[in-house]
Every structure is written in C-alpha cells, then in structure tokens.
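Reader: Hey, I've got a new structure to look at and could use a hand. Can you walk me through it?

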Amino acid sequence: MAESRKGQGPTLRKPNLGPSAGPANRRALIAAAREIFAEDGLAAPFSAVAKRAGVGQGSLYRHFPDRLALAIAVFDANVDELEAAVAGSATPLDDLLDRVIAQALVSTGLIDLIQAHPHDPRVERLGARVQAVTATAVERERAAGRLGDHVDADDVLLAISMLAGVLGRTDAADRPVTARRAWALFHAAFAPRAG
C-alpha cells in the first residue's frame, strides 16, 4: 500500500514483479487484445489493450511493438489451439473448421491486418502452421471417406480465407448466421462425389 495523498485514503499499487511478470503479462495482453479488437475493431486505441490487461504501456510495447506483432501473437495462440485439436486423432474437419469460424468471428480486424502483410516472415510462419494443421485434417477426413478426392488443403484454406473476408464485412450481430450459411455451402462442396 502506498502512502495516502492529502484528503484521500490509501492507494493500492500493483507490486512490480520485474522480469518474472513477463510471461503472465504477455498472456494477459493477448487475452485483452482478443476482447478489445473483437469489441471495437482495429480502430481501438492500442493503450486500451494495456489497460484491459492491467499492465503498463511500457510492458505492452516491450512485448508487442506494433499492432501487427500483437495480431500475430493472438493468431499464434489460436493456431496452438488448432494444433492441439488436430493432435487428437478423432478431431474431424467439421470440428476444426468450427474452431476456425469461432476464432474468425472475434478476429476479423486482426485477420485484415495480417492479410495486409502477406510477405512478413512472421505472417509466412503463421501461414505455414495453418497449412500443416489443415493438411493433417484433410488427409484424415479423406481417409475416413468424409471428404471428396477433389478437395485438398489449399481448397480448405481458400474457403477459410473467403469466409474471413465475408465475416470482416458483415455486421458483428450477423456474423454467426453468415458463418453457418457459408460453412454449409463449403460442406456441400467438399463432400465426396458420387461415381
């Protein structure tokens, strides 16, 4: 507790944990960024992320010097979730795409930011990870007879990209319905075709 100011009660000050707080601050900033950018889009002040995370702006800029770095960190965490889901042998493509859609519903502004920097090495690395997750899911679905031979990982990635583009231009309240309709179309297009 800090000393009280004249006429005020004691003020509480968050203890400075130094470098040991780094990993927790980073996680808090990523979680806050998801919320802030889902609510207010990319126009939200960068400082709002630090405030929501309960850390100082210096900590924000130490971890993420710009919006792109923060967007990539959010998507790295998203891809971690997808990789964990695909590592489970029973995860069908439907479940994987449901997770991607759920992530896209709250990340449309961040998706636009990342797509505006396709040649950034960090974005390329992220794309390679998504490609690998998708390829694994496609192989598994094809082997189970749930996916047509005419569909490959690039087709699924194109569908995801198209969906992200549509969701980014759809009012937030309408995004869930739009996502379900789009996935129904993709699902029909990806199904095995009769001889």
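Author: Sure. One term before we start: a residue counts as buried when its relative accessible area is under 20%. Also, keep in mind that this is a predicted model.

Reader: Okay, so which residues of helix α2 are buried?

Author: In α2, which covers residues 46-53, they are F46, V49, A50 and A53.

Reader: Why do they line one face of the helix?

Author: Looking down the axis of α2, you'd find its buried residues within an arc of 95°, so they line one face.

Reader: What do they pack against?

Author: The buried residues of α2 pack against α1 (22-40), α3 (57-63) and α4.

Reader: And what follows α2?

Author: That's G54, which has a positive phi, near 75°.

Reader: Switching topic: how much space lies in the largest pocket?

Author: About 580 Å³. It has 23 lining residues, and F75, I111, Q115, V130 and I160 are the closest to the pocket's centre.

Reader: Which element gives the most to that lining?

Author: α7 does, with 7 residues. Elements giving two or more residues include α4 (67-87) and α8 (153-168).

Reader: Is the lining polar or nonpolar, and how many of each?

Author: It divides into 16 nonpolar and 7 polar residues, with no charged ones.

Reader: Last thing, what's the mean pLDDT?

Author: It's 83 for the protein chain, and 88% of the residues reach 70 or more. Over residues 1-5, though, the pLDDT is below 50. Where pLDDT is low, don't read the predicted coordinates in detail.

Conventions
Residues are numbered from 1 along each chain as its sequence is written. This is a predicted model: local features need pLDDT of at least 70, side-chain atom pairs count only at pLDDT 80 or more; totals for chains, interfaces and linings use all residues. Side-chain values use heavy atoms; hydrogens and water are left out. On a 1 Å grid over the protein atoms alone, a cavity is a set of points where a 1.4 Å probe fits but cannot get out, and a pocket is an open set with protein on both sides within 12 Å along at least five of seven lines; lining residues have an atom within 4 Å of a point. Grid points are joined across faces, edges and corners, and a volume is the space filled by probe spheres set on the points. Helices (H or I, at least four residues) and strands (E, at least two) are DSSP runs, numbered from the N terminus. Ala, Val, Leu, Ile, Met, Phe, Trp, Tyr, Cys and Pro count as nonpolar, Asp, Glu, Lys and Arg as charged, and the others, Gly among them, as polar. Buried means under 20% relative accessible area, exposed over 50%, partly exposed in between (1.4 Å probe, protein chains only). The arc is that of the directions from the helix axis to the C-beta atoms. Contact means heavy atoms within 4.5 Å. pLDDT is the predictor's confidence in each residue, from 0 to 100.
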